[in-house]
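Please look over the sequence and the model shown here before reading on. The report that comes after them is meant to be read alongside both.

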Amino acid sequence: MQVDRSRFLEEGYLIVPKVVPPSRLAAVRASYERLVDKQRGIWAAQRQPNDPPGGAWETSAQPRLGLSRPPLVHELDAEAAPAIEAWLGENAHGVSSQLLDTPDAAATDMMLMCNPVRDHGPAAWHRDLHPIDTAPLQGYIDDIAENGPRYIQWNIPLYDDNVLWVIPGSHLRRNTEAENRAMGANPRLPVPGWVPTNLKAGDGVVYILPILHWGSNYSPIKRRTIHGGFSDFVLYPDLGYTRFLSPEAQAAFARWEARSRDKQRHTEAALRAVIAGNGPAYLTALDQLHPGRGEKGQLLSTVFFSKLVQVIRVRKHPEVDDIPQDLRHRLGGSHPITLNWGPEFADRFTPAEADTLWARFKPLDRLLRAEKEMFIPGYQSGPMIYHFDEMPANYTVADFIAGWANE
Ligand SMILES: O=C(O)CCC(=O)C(=O)O
Ligand SMILES: [Fe+2]
């Protein structure tokens, strides 16, 4: 299917029909329902003394299954195949590759969002963006405007679903005054410019992440909505379940896993070029990591690296005490779409190399910090000393490289 990529880039979202083909819907529903039962067992077993018997299933506003992560990933079997393979259909994988303008987009985290057992009402409007451990909004906007998105996210409901609302075009700009006023006063009310997605079972909405969006109503109406995304930057904690998949699906995950290893290798090469003080090698590694990306894209990757270097420091020097607690907490997991390959990646470097890396990234980290703690509504970061929106003024990758001579 041909989709309208220019409209997608402009509006920041697109409704795609029949992402799960009608002929597959019953099988995909049944496969997910079994996983819901498995996960409910996990939640019941994990419940805390003060929790109700069902644990998170009963307390969460949006009980969510993570198919690609422990513990559920370890429990996938042949009956989970239709749930996983829903990601591989032409209107999911093929459309995602078109929209990302890449030959073979890879599925990232595969999840399922369910209704709560009792009414929780609306969530808060937000962008799925936590600048503290990734980058300021303007860095994303500049990269998307120059090159298109690196990651796209999907909601694919298995039953009709109008929970998600979006603000078209908000992925390419900062919050307006009116939005900040509305979200500052009450982030759980409609914000001017909203559009409901209003999806029929099997259809999907795909969106570009900094878009302002809203879980408008978490009611007990049955909800089983596939959620997750596609990117060239993925990390799979466990692919054991692929043995239950079709040969085509197995081949896809094998390609994506190989690509993940390549991306990690190019990330390491980029950081080794920084350690060696070799500017041309740094630019070459950036281009291998993300071929064809322009200057703004390379700058965004460089900002992501400044956070990855903190991951390496924490691993090599657990005693460091100059990293804000909220940042340190965020850095504990992996986040491949922003080039955080997780704590084990740090073991490619020695403590001394971690020091050299930090010396060379510290000036950029300074520029990413604000004068004082600040807060802007609509993000997944609370008050913090890093900029929410602004990238360092007039700063380029060439400035980053030139700075190595000064430390
Ligand atoms: O429930 C939805 O559709 C939106 C969920 C969401 O925005 C989130 O969990 O970040
Ligand atoms: Fe969100």
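The text below goes through the metal site, the first ligand, several single residues and two helices.

This is a predicted model, in which local features need pLDDT of at least 70 and side-chain atom pairs count only at pLDDT 80 or more, while totals for chains, interfaces and linings use all residues. Residues are numbered from 1 along each chain as its sequence is written, chains are lettered from A and ligands numbered from 1 in the order in which they are written, and side-chain values use heavy atoms, with hydrogens and water left out.

**Metal site and ligand 1**

The iron ion (ligand 2) has His126 (NE2), Asp128 (OD) and His213 (NE2) as its protein donors, lying 2.1 Å from it, and along the chain these donors follow the spacing H-x1-D-x84-H. Donors here are N, O and S atoms within 2.8 Å of the metal (3.2 Å for Na, K and Ca), and since water is not among the atoms, sites may look incomplete.

The residues His126, Asp128 and His213 are also among those that surround ligand 1, a group that further includes Gln62, Arg64, Met113, Asn155 and Tyr218; a residue is near a molecule or strand if one of its heavy atoms lies within 4 Å of it. The table gives distances between ligand 1 and polar side-chain atoms, where a polar contact is a pair of N or O atoms within 3.5 Å; within protein, one must be able to donate a hydrogen and the other to accept it, and residues adjacent in sequence count only if both atoms are side-chain atoms.

| Residue | Distance to an oxygen atom of ligand 1 |
|---|---|
| Arg64 | 2.7 Å |
| His126 | 3.1 Å |
| Asp128 | 3.2 Å |

The protein covers 90% of the 290 Å² of accessible area that ligand 1 has on its own, with areas taken from the Shrake-Rupley method with a 1.4 Å probe and, for residues, only the protein chains shown counting as cover.

**Single residues**

Gln62 sits in the loop between α3 (56–59) and β2 (64–66), where helices (H or I, at least four residues) and strands (E, at least two) are DSSP runs numbered from the N terminus. Because its relative accessibility is 16%, Gln62 counts as buried, a word that means under 20% relative accessible area, with exposed over 50% and partly exposed in between (1.4 Å probe, protein chains only). The side chain of Gln62 makes a polar contact with that of Arg64 at 2.9 Å.

Thr197 is found in the loop between β6 (195–196) and β7 (204–208), and its side chain reaches the backbone oxygen of Leu164 at 2.7 Å. Thr197 is counted as buried because its relative accessibility is 6%.

Ile226 belongs to strand β9 (residues 224–231) and, at 1% relative accessibility, is likewise counted as buried. The C-alpha atoms of Ile226 and Leu158 are separated by 7.4 Å although the residues are 68 apart along the chain.

**Two helices**

Helix α8 (residues 247–276) has 30 residues, which at 1.5 Å a residue should span 44 Å, and its end C-alpha atoms are 43 Å apart, which agrees; the expected span is 1.5 Å times one less than the number of residues. Gly277, with a positive phi near 65°, follows α8.

Helix α10 is mostly covered, with 17 of its 22 residues buried. Gln298 lies in α10 and counts as buried at 13% relative accessibility.
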